[in-house]
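Q: Please take a close look at a single part of this structure. I am new to it and would like short sentences.

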Amino acid sequence: MSDKSASVDVPIVSKATAEVTLICREPLGISLAFSALFLALSTGFVLGIFIKYANTPIVKANNRDLSYILLVSLLLSFLSSFLFIGQPRKVTCLLCQTVFSTIFSVAVSSVLAKTLTVVLAFRATKPGNRTRKQLGKSMANAIVLSCSIIQVGVSILWMGISPPFPELDMHSQGGQIIWQCNEGSVAIFYGALGYMGFLAAISFIVAFLARKLPGAFNEAKFITFSMLVFCSVWVSFVPTYLSSKGKYMVAVQIFSILASSAGLLGCIFLPKCYVIILRPGMNTKACLMKKRRS
């Protein structure tokens, strides 16, 4: 089989390369690349705002460090979409799926940790409750670290059993020859997606139950909507991905990465940026105490 593939590679490499680089020059590729760059710059801008106003109440609420971790992971997720564009090589095929799944696991686990922080913070305000001791960096870091380690373990297993690799697709685009990344183990690929979906579903359920908890700057309602967007994108991704062929499979995955990450960025952080920049009077300790009393 290797001799046959080697004999096929030689006469058609230039045609395959021309076909794949076309996605960077045609409107579809340009729009995806521009969207990824714009969203990455927007995430960097939001991160800069949070760093500048790090000591204000709205930034410190619901664990400031988790907000930084989530923003950095969203920034990396937007940038990781560039790995899917262009001629796939052995290294890029390995990085595409493993980097994408690991970064998203960190992002979703950060959202889960923020959601549990909201619930535990409310319980800690009750008299005689000892859950205050469970709050802080240790609990949040443990959630993010443990959930991310599981995904890293899945990626290592993936690389050891059947890693992704570049291949030639000569049938899906009407005679055109296209380089693409084969996922290797399809079961592990969808298993990684399923694990992210599991974390997102838990985050959505906990946030939905906590959305009406009293408290200033309660993020639960924003997390609920962001997880609804996130889950909707990836639930629709599976049938769309399976029904797509050739370079459009890559476009579907890039769009899903950008749309789900943009949902997290917009739903969780834009309301805070609105208060920080346009309503600074609400970003005070006095306003915080007033909301808590109400």
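A: Start with Cys-267, which is buried at 14% relative accessibility (buried is under 20% relative accessible area, exposed over 50%, partly exposed in between, with a 1.4 Å probe and protein chains only). The model is predicted: local features need pLDDT of at least 70, side-chain atom pairs need 80 or more, and totals for chains, interfaces and linings use all residues. Residues are numbered from 1 along each chain as its sequence is written, and side-chain values use heavy atoms, without hydrogens or water.

Cys-147 is buried too, at 10%. Now the bond itself. The structure holds one disulfide (a pair of cysteine sulfur atoms within 2.5 Å). Its partners are Cys-93 and Cys-181, with 2.0 Å from S to S. Cys-93 sits in helix 5 and Cys-181 in strand 2, 88 residues apart, so distant parts of the chain are linked (helices are DSSP runs of H or I with at least four residues, strands runs of E with at least two, numbered from the N terminus). The S-S torsion of Cys-93 and Cys-181 is about -85°, so this disulfide is left-handed. The partners differ in exposure: Cys-93 is buried, at 0%, whereas Cys-181 is partly exposed, at 24%.

Cys-181 also leads to a pocket. The second largest pocket holds about 420 Å³ of space. Of its 28 lining residues, those closest to the centre are Gln-180, Cys-181, Asn-182, Tyr-241 and Val-250. Elements giving two or more lining residues include helix 5 (90-124) and strand 2 (176-182). Strand 2 gives the most, with five residues. On a 1 Å grid over the protein atoms alone, a pocket is an open set of points where a 1.4 Å probe fits, with protein on both sides within 12 Å along at least five of seven lines; lining residues have an atom within 4 Å of a point. Points join across faces, edges and corners, and volume is the space filled by probe spheres set on them.
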